[in-house]
Each structure stands twice: as C-alpha cells, then as structure tokens.
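Here is a walk through one protein chain. Keep the model in view as you read.

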Amino acid sequence: MTRLERLQAALERPLLVTSEPNVRYLTGFHSSNAALLVEPKLARLCTDSRYTAAAKLVPGVEVVDIGRDLFAGLIELLQGETSFEAESVSVAAFEKLRSGGASLVAADGPVEALRAVKDARELATIRRAAEITSEAYRRLASEPFAGRREVDLAWRMHELFHQLGAEDDAFPTIVASGPNGAFPHAEPTERVVQEGDLVVVDAGASVGGYNADCTRTFACGEISAERRRAYEICLAAQEVGVAATRAGVLAREVDAAARDLIEASEFAGTFGHGLGHGVGIEVHEAPHVSADAGETRLEAGNVVTIEPGIYVEGLGGVRIEDLVIVTDNGTEVLTTFPKRLTVVG
Ligand code: ZN
Ligand code: ZN
C-alpha cells in the first residue's frame, strides 16, 4: 500500500491536508501552494497553473488547478464535514472556508502519525544524514576552538556539511560557548571561545529531504571540576535515556528515566526542556519524548533524539544529543561521534 492508500484506509471523513511537509510526504510533490483533499476512494491534489505539470506526475491523484487563492478555490470542493489540519491553517484561511459554507473539524494529526514510523528508505536516508553529521563533528573536533567566534564555528559546520555531501543544514547550527551555553536555544554570537569554556554545538545535515540532529558539548582546554561534573551527570542521564528507549515503552517514561538522574544530582532543576523529539522531514515532529507525552508509546521505526541538558547561569551549559532509531529490542544509535568529554584546543 502507498502512504496515501494507508491514510485513505483509516479515514472517517474527508481530510484536507494543507501542511507542506504532509503534502510532500503523501505525494512526493513539493509546492508552496498546494492542498491534498483525501477521501476514501479519491485524492485530489489542488494547486495552481505554475505547478500543475509537476503535480500530474504524482500517481493515484486527480490534479485540480485551483488558482492562486488556494482556500477560495477549495470552498467549491468541500462538501459535508471535512477534517482539516488546524496547525497549518491560519485563522484567516479558516474564516474564508467557514464563511464559504465549509463544515470543518480539527483532525488530530493522522498524517503526522503515519510520518512518525519511518519505512526502510526513509531510515536509509536519515542514516546518511546522520553519517555526514557525525563526520562533520569529527572534523570540527580536530580543529582548535579557542580564539574563534561562535559564528565562525557555526559557519565551519555549514562548510563541512556541504563538503561531505549534505544538501543543506537541517537548521541553523547552534554554537553556545561559556556563559552563552546556559541558554538552550542560543544563537551563535560574536563571542570568542576561551580556554576553560564548555562549548555546546547542536547541528544536523539534511539529505534527500530528511534531517539529522546531534549535539555534543566540548571542553576548550582545561575546565573546572564543576563543569566536568555537569558533563558527567548529563552524559549519565543521556545514556540512561538511550537505554530506556525501545518499542512499546511510554515516551514520558523515557523522559523520566533521564530526568530523574539529573533531579537526584546537585543539578536538580536545571533541565528545563523535553528529553527528545521525532526527526524526519521536519527537525521536530512526532513522537515527542517528554513529560507531557501522555499515553504516547514509542514504536519500532520511530526516529527520535535523546538530548538531556544542564543549564546553569555562570557555569554555562551541557547538552548531549543522539539521534536513534527505535527498535523492538532497543535502539540503533545513528550519531556516532564519541560522547566521552572531548577536549579541543
Ligand atoms: Zn539538536
Ligand atoms: Zn533536537
């Protein structure tokens, strides 16, 4: 069965797919102005004349030239109750559909649920993105950090990804050194890395439309005992998180396994974000590995990150992030750059 057929088999009512990555996942078709109206026996790919030639190459769909104003055009096609993707429809677009007479019901992410379990080809592509990412880390780690600005190191990762065959960065690389490391999503600044800093580098390559995501924290020269201790606690939590990951477990229990270790240490209260997230066509997608993941259970074929962090004002930050495939027995870890503390010059 194709992805589209699997979705059709599970539908209760017509589903309007407007999220760009979801349209791409179901059809392979890429456009900034497209929607897919999926019914049990019919799928209509709606776009405008700029894209119809490419859309006609998609098997199993009927192409509708709907004009530039996608949502105005869709009104004609929507009959009866239709599910829609609330997270990708603006309030303005929603009002346009509703005032045109459409009866809309928010869907609970049926395409995201399909995307969460990767097929063999997707896994192979993500493995490749992770290999490039790991090799870029190896090369970066062989270079001196001290005296370079965070933005220079981030640019270097971009260059390495390109040299190693990536199509793009999965997201703008984070390099957070010294006190900047205390902010989990710091943007690289002009700060010059200094001896004694912890340096958090969070980066991923993108290949074939799929992403990798990896974080390593480096020690620039000799670091204080407290920073070394923070690293050790974070690493222990990360390893406990990976060890707890397997098909069938509750995602929130994996989060708790890693979190409890940090909470039992002198760094209690310093790990403020979720333990991990799914990665695929998007860098953040289902399933989420966090305390509020409810009854979500991990499944074989999920690709998730395990990324605890310790963030302390003044001390800086440590985050260690692996990308793993969930299997029935545990995990296949895709990010192979070593996790023991790497000291750079
Ligand atoms: Zn990351
Ligand atoms: Zn991540």
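Lining residues of a pocket are those with an atom within 4 Å of one of its grid points, and helices and strands are DSSP runs numbered from the N terminus. With that in hand, turn to the model, which is predicted.

Start with the overall division. The domain assignment splits the chain into domain 1 (3–114) and domain 2 (117–344). Their centres, taken over C-alpha atoms, are 34 Å apart. Where the domains meet, domain 1 brings seven residues to the contact and domain 2 brings eight.

Now look for open space. Rolling a probe the size of a water molecule over the atoms shows where empty space is left. The largest pocket holds about 580 Å³. Its lining counts 25 residues, and those closest to the centre are D108, G109, E112, A113 and A286. Which elements supply at least two residues each to this lining? They are α2 (20–27), α6 (110–116) and β14 (285–289). The largest share belongs to α6, with five residues. Sorted by class, the lining has nine charged, eight polar and eight nonpolar residues. Where does this pocket lie with respect to domain 1 and domain 2? Both domains give residues to its lining, so the pocket lies between them.

A second pocket is worth finding too. The second largest pocket has a volume of about 440 Å³. It is lined by 22 residues, and R3, Y25, L26, T27 and G28 are the closest to its centre. Here α1 (3–9), α2 and α7 (120–141) each provide at least two lining residues. The classes are eight nonpolar, eight polar and six charged. This pocket also lies between domain 1 (3–114) and domain 2 (117–344), because both contribute to the lining. Helix α2 therefore deserves a second look: it supplies at least two lining residues to the largest pocket, and at least two to the second largest pocket.

Next, the sheets. Strands of a sheet pair through backbone hydrogen bonds, either parallel or antiparallel. One open sheet has six strands, in the order β4-β3-β2-β1-β5-β6, and its pairing is mixed. At its edges stand β4 (62–65) and β6 (103–106), each pairing on one side only. On average, neighbouring strands in this sheet are turned by 30 degrees against each other, direction ignored.

Take one pair from the middle of that order. β1 (residues 15–17) and β2 (residues 34–39) are antiparallel, with three bridges between them. L16 has L37 in β2 as its bridge partner. Helix α2 comes back into view here. It lies across β1, β2 and β3 (42–47). Its direction makes an angle of about 60 degrees with β2.

Finally, move along the chain to another sheet. This open sheet has three strands, ordered β7-β10-β11, and the pairing is antiparallel. Why does one side of β7 (168–169) and of β11 (210–211) lack a neighbour in the sheet? Each stands at an edge and has a single partner strand, so one side is left without a neighbour. β7 is joined to β10 (residues 205–207) by two bridges, and the two run antiparallel. Within this pairing, D169 stands opposite A205 in β10.

Notes. Residues numbered from 1 in each chain as written. Chains lettered and ligands numbered in written order. Predicted model: local features only at pLDDT ≥ 70, side-chain atom pairs only at ≥ 80, totals over all residues. Heavy atoms only, no water. 1 Å grid on protein atoms, 1.4 Å probe; cavity = no way out; pocket = protein on both sides within 12 Å on 5 of 7 lines; lining within 4 Å. Points joined across faces, edges and corners; volume = space filled by probe spheres on them. Helix = DSSP H or I, 4+ residues; strand = E, 2+ residues; numbered from the N terminus. Nonpolar A, V, L, I, M, F, W, Y, C, P; charged D, E, K, R; others polar. Domains from an automatic or database assignment. Pairing = 2+ DSSP bridges. Axes fitted to C-alpha atoms, helices over the stretch in contact; angles between N-to-C directions. Contact = heavy atoms within 4.5 Å.
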